[in-house]
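User: I am new to this structure. Please take me through the reasoning behind the terms used for it.

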Amino acid sequence: MVIEGGRPLRGEIPLQGAKNSVLPILAAAVLTGSRCRLRNCPQLRDVDIMLETLRYLGCRAEQQGNTVEVDTAAISRCDIPEEYMRQLRSSVIFLGALVSRCGQADVAYPGGCDLGARPVDYHVAILRQMGVQVEESGGRIVCRSPGRITGVPLSLLFPSVGATETAILAAVLAEGTTTVVHAAREPEIRDLCRFLRCCGARIRTGRDGSLEIEGVAALHGCTFSVMPDRIAAVTYLAAAAVTGGEVRLKGARPAHLTAVLPLLEQTGCRLLLTPDSITLTAPARLRAPGTVCTMPYPGIPTDAGPLLMAMASVADGTTVFVENIFENRFRCAAELCRLGARIRVENRVAVVQGVEQLYAAHVACTDLRGGAALLTAGLCAQGTTVLTGLRHLDRGYQVPEIYLQKLGACVRRRDV
Ligand code: UD1
């Protein structure tokens, strides 16, 4: 991607559907054994891989524009080869769905962004507590459930997003009621529950985020619209902020970003909010937000960390980032430094001393959100930045260069 930095972004764009919502929903479609139509589904590499996996399993799965049609009636196998599993983390969510639908599942360990160790022990422990026999050997996880899975009380050690999704998928068709205390409360979890309720599942969400899932005998298909992507929202807002621009994101839900929006205001950005749009007007120079600590929802999302880091790189003052979810979230810091950012990383803490100007360089995406941070930084760097490793970016952003061009950025993809 070739980025001529320095143009303030101006205008309005629609926000894509949420990657982290549609991926578990596609796995959940396996439970319905029938046809589901998903609207507002982003066109992403990760979605392509989930659809390819569904086809491998014998299902029908097609995407036309932003609509996906899945028919899981004719599922013919319950194993997933390594080449599918390795490409994304959400592939592990098939485990709960397959063992519930077919009584068995045999999958390789999942891949996804390299953010440090990403074990699956919570997923395995949950399935075992629900009576599933799980064996891990030769790089594969093999599950068997001779009868129906049993609903049980579950209490998560950490509100893991993926583990909560596994618990939900294993529980909706289980015998009896499952409660999940200390469940993840991310909006994408709510969206998954909304989808499953549309399919006939019985899920109640407590005020504290706990879940009560009463197993039903069968689910049916439905038509469902995927929620907007709150991390893509932060990405385009950060791009507007670093370029001194003014951008309106149509479809963005302020209610999903209650921790991030005050932070953007602290940097001097002005925000105009409606229930489904966010307009950001950037100041001439951003102010450092001081401290950014990532937390499970409703805290600042770990995925927003690198984007806020790109903003802090050009803000007036010093910002301290504390990452509380992953071991290695700041892999993009070294690449940001190539653009002239001043960042010191010590384990899960990064100190960013804002500079007045970044300068163009050749940089490489380190992971999905790190890549988005480099793209954001490139938009305000003086000169022509070349960004490589776009396979990371394409996993989570639908044609970002087209949306940025609509906002007046000078960005293009170069054929290699
Ligand atoms: C999901 C999101 C990812 C986001 C993350 C945290 C998707 C596709 N990805 O990832 O973008 O950054 O939530 O909001 O939705 N852990 C274990 N054992 C497990 C599972 C998790 O130790 O079995 C640890 C992880 O290593 C990590 C922490 O728990 O340190 C949180 O992980 P989790 O919430 O599960 O993230 P993901 O579902 O992988």
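Analyst: What follows is a set of short questions and answers on a predicted model.

User: What makes R230 and E188 a salt bridge?

Analyst: The cut-off is 4 Å between a side-chain nitrogen of Lys or Arg and a carboxyl oxygen of Asp or Glu. The closest N and O atoms of R230 and E188 are 2.8 Å apart. That value is within the cut-off, so the pair is a salt bridge.

User: Why is this pair said to link distant parts of the chain?

Analyst: R230 belongs to helix α8 (residues 230–242). E188 belongs to helix α7 (residues 187–198). The two residues are 42 residues apart.

User: Are R230 and E188 buried or exposed, and how do you know?

Analyst: Buried means under 20% relative accessible area. R230 has 8%, so R230 is buried. E188 has 5%, so E188 is buried too.

User: How do you know that R194 and D191 form a salt bridge, and how are they placed in helix α7?

Analyst: Their N to O distance is 2.5 Å, and the limit is 4 Å. Therefore the pair counts as a salt bridge. R194 and D191 are 3 residues apart in helix α7, so about one helical turn separates them.

User: Why do R194 and D191 get separate labels for burial?

Analyst: D191 has 2% relative accessibility, under the 20% cut-off, so D191 is buried. R194 has 39%. That lies between the 20% and 50% cut-offs, so R194 is partly exposed.

User: What makes R413 and E401 a pair that ties parts of the chain together?

Analyst: Their side chains meet in a salt bridge, at 2.8 Å from N to O. R413 lies in the segment after β24 (410–412), and E401 lies in helix α14 (residues 400–406), so the pair joins parts 12 residues apart in sequence. E401 has a relative accessible area of 9% and is buried. R413, at 32%, is partly exposed.

User: How many salt bridges are there by this rule, and which residues are linked in a network?

Analyst: The count comes to 21. E12, R248 and K250 are linked in a network of salt bridges.

User: Why are α8 and α10 called roughly parallel?

Analyst: Angles under 35 degrees count as roughly parallel. Helix α8 and helix α10 (residues 305–313) pack at about 5°, with their axes 9 Å apart. The angle is under the cut-off, so the two helices are roughly parallel.

User: Which residues make that contact, and what are their classes?

Analyst: From α8 come I231, V234, T235, A238, A241 and V242. From α10 come L307, A310 and M311. By class, the contact has 8 nonpolar residues, 1 polar residue and no charged residues.

User: How do you know that strands β16 and β17 pair?

Analyst: Pairing needs at least two bridges. Strand β16 (residues 270–274) and strand β17 (residues 277–281) are joined by 5 bridges, so they pair. They run antiparallel. L272 has T279 in β17 as its bridge partner. A hairpin through 2 residues joins β16 to β17.

User: What makes β4 and β14 edge strands?

Analyst: They belong to an open sheet of 4 strands, in the order β4-β5-β3-β14, with mixed pairing. β4 (60–64) and β14 (223–225) each pair on one side only. On average, neighbouring strands of the sheet are turned by 15° against each other, direction ignored.

User: How do you know that β3 and β14 pair, and in which sense?

Analyst: Strand β3 (residues 35–39) and β14 share 3 bridges, and at least two are needed, so they pair. The sense is parallel. R39 has S225 in β14 as its bridge partner.

User: Which helices lie across strands of this sheet?

Analyst: Helix α1 (residues 19–28) lies across β3, β5 (67–71) and β14. Its angle to β3 is about 175°. That is over 145 degrees, so the two count as roughly antiparallel. Helix α2 (residues 45–56) lies across β4 and β5, at about 150° to β4. This angle is also over 145 degrees, so α2 and β4 count as roughly antiparallel.

User: Where is T32, and why is T32 called buried?

Analyst: T32 lies in the loop between α1 and β3. Its relative accessible area is 6%, under the 20% cut-off, so T32 is buried. Leaving aside neighbours within four places in sequence, T32 is in contact with T72, C199, L219, H220 and G221. T32 and D71 are 39 residues apart in sequence, and their C-alpha atoms are 8.7 Å apart in space.

Terms used: Residues numbered from 1 in each chain as written. Predicted model: local features only at pLDDT ≥ 70, side-chain atom pairs only at ≥ 80, totals over all residues. Heavy atoms only, no water. Buried < 20%, exposed > 50% of the residue type's maximum accessible area, 1.4 Å probe, protein only. Axes fitted to C-alpha atoms, helices over the stretch in contact; angles between N-to-C directions. Parallel < 35°, antiparallel > 145°, perpendicular 65-115°, else oblique. Contact = heavy atoms within 4.5 Å. Nonpolar A, V, L, I, M, F, W, Y, C, P; charged D, E, K, R; others polar.
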